[in-house]
Amino acid sequence: MSGVMKRMGMIFRAKANKALDRAEDPRETLDYSYQKQLELLQKVRRGVADVATSRKRLELQLNQLQQQSSKLEDQGRKALALGREDLAREALSRRAALQQQVTDLETQHATLQGEEEKLTLAAQRLQAKVDAFRTKKETIKATYTAAQAQTRIGEAFTGISEEMGDVGLAIQRAEDKTAQLQARAGAIDELLASGALDDPSGMAKDDIQAELDRLSGGTDVELELQRMKAELASGSPQQAIEGGTGQQQQSQQQPQDTPRFDKQ
């Protein structure tokens, strides 16, 4: 049972992978990757801005502490000038405490400044990589689009694409049906001509009648030709017609007057 389940899972993963590969568009994947890189670059820039803001606050605090330290130093000098050593000592004690805070803030300021420089350099490098990726992305997209168009054109010319394949099958079916109808029509004409089939409309003729019609048509043509020759010879259409008709009647009666000799 476990082997069957493993096999089913493998088949499912293979089919899912094939479906995903068919649905995947490299151009969309590249655009998505570029978008994620832009988001990462935006986060790095935001981090640089936050560090710079913290550094600026420390600088403001350092300026305030330095001003207070200078003020306490002045107060200590004035107290000594007035003979108040106790006030001078108090002022110097406070100044020493402030000086310790200044030292701590200067250490933090140096640390933040170093972090800011690192983040700024990282942001610049990431910006260069994003720009290079964008150029490469557009190049790959253009190449992919051109290759896809070339492939479709080649498939259309060779007829191996799905659309052209359907068109080719439709043309083949139409040609087969046309050939079948032509063969059937020819067979029916041959059967009608041979008399194997009867034409209920009465328009069909047998071979004897067809031969008689052909001979009759040829006789009419000969009469018309003789009439035209007579017109050209005599210049009188009516006489040419009557002469042609009389000659035709004599030619038809002459075989009847010919004596017949019977063999003894």
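Helices here are DSSP runs of H or I at least four residues long, while strands are E runs of at least two, and both are numbered from the N terminus. The model is predicted, so local features need pLDDT of at least 70 and side-chain atom pairs count only at pLDDT 80 or more, while totals for chains, interfaces and linings use all residues. Residues are numbered from 1 along each chain as its sequence is written, and side-chain values use heavy atoms, with hydrogens and water left out.

Helix α2 makes a handy starting point. With 56 residues at 1.5 Å each, α2 should span 82 Å, and its end C-alpha atoms sit 83 Å apart, which agrees; the expected span is 1.5 Å times one less than the number of residues. Just past α2 comes Gly-83, with a positive phi of about 85 degrees.

Next up is His-109, which belongs to helix α3. His-109 counts as buried because its relative accessibility is 14% (buried is under 20% relative accessible area, exposed over 50%, partly exposed in between, using a 1.4 Å probe and protein chains only). Leaving out residues up to four places away in sequence, His-109 touches Arg-55, Leu-58, Glu-59 and Leu-62, where contact means heavy atoms within 4.5 Å.

Leu-58 and Leu-62 also turn up in the largest nonpolar core, a group of seven residues completed by Leu-65, Leu-72, Leu-98, Val-102 and Leu-105. Such a core is a set of buried Ala, Val, Leu, Ile, Met, Phe, Trp, Tyr and Cys residues joined through side-chain atoms within 4.5 Å. Both α2 (26–81) and α3 (85–158) chip in at least two residues each, with the largest share, four residues, coming from α2.
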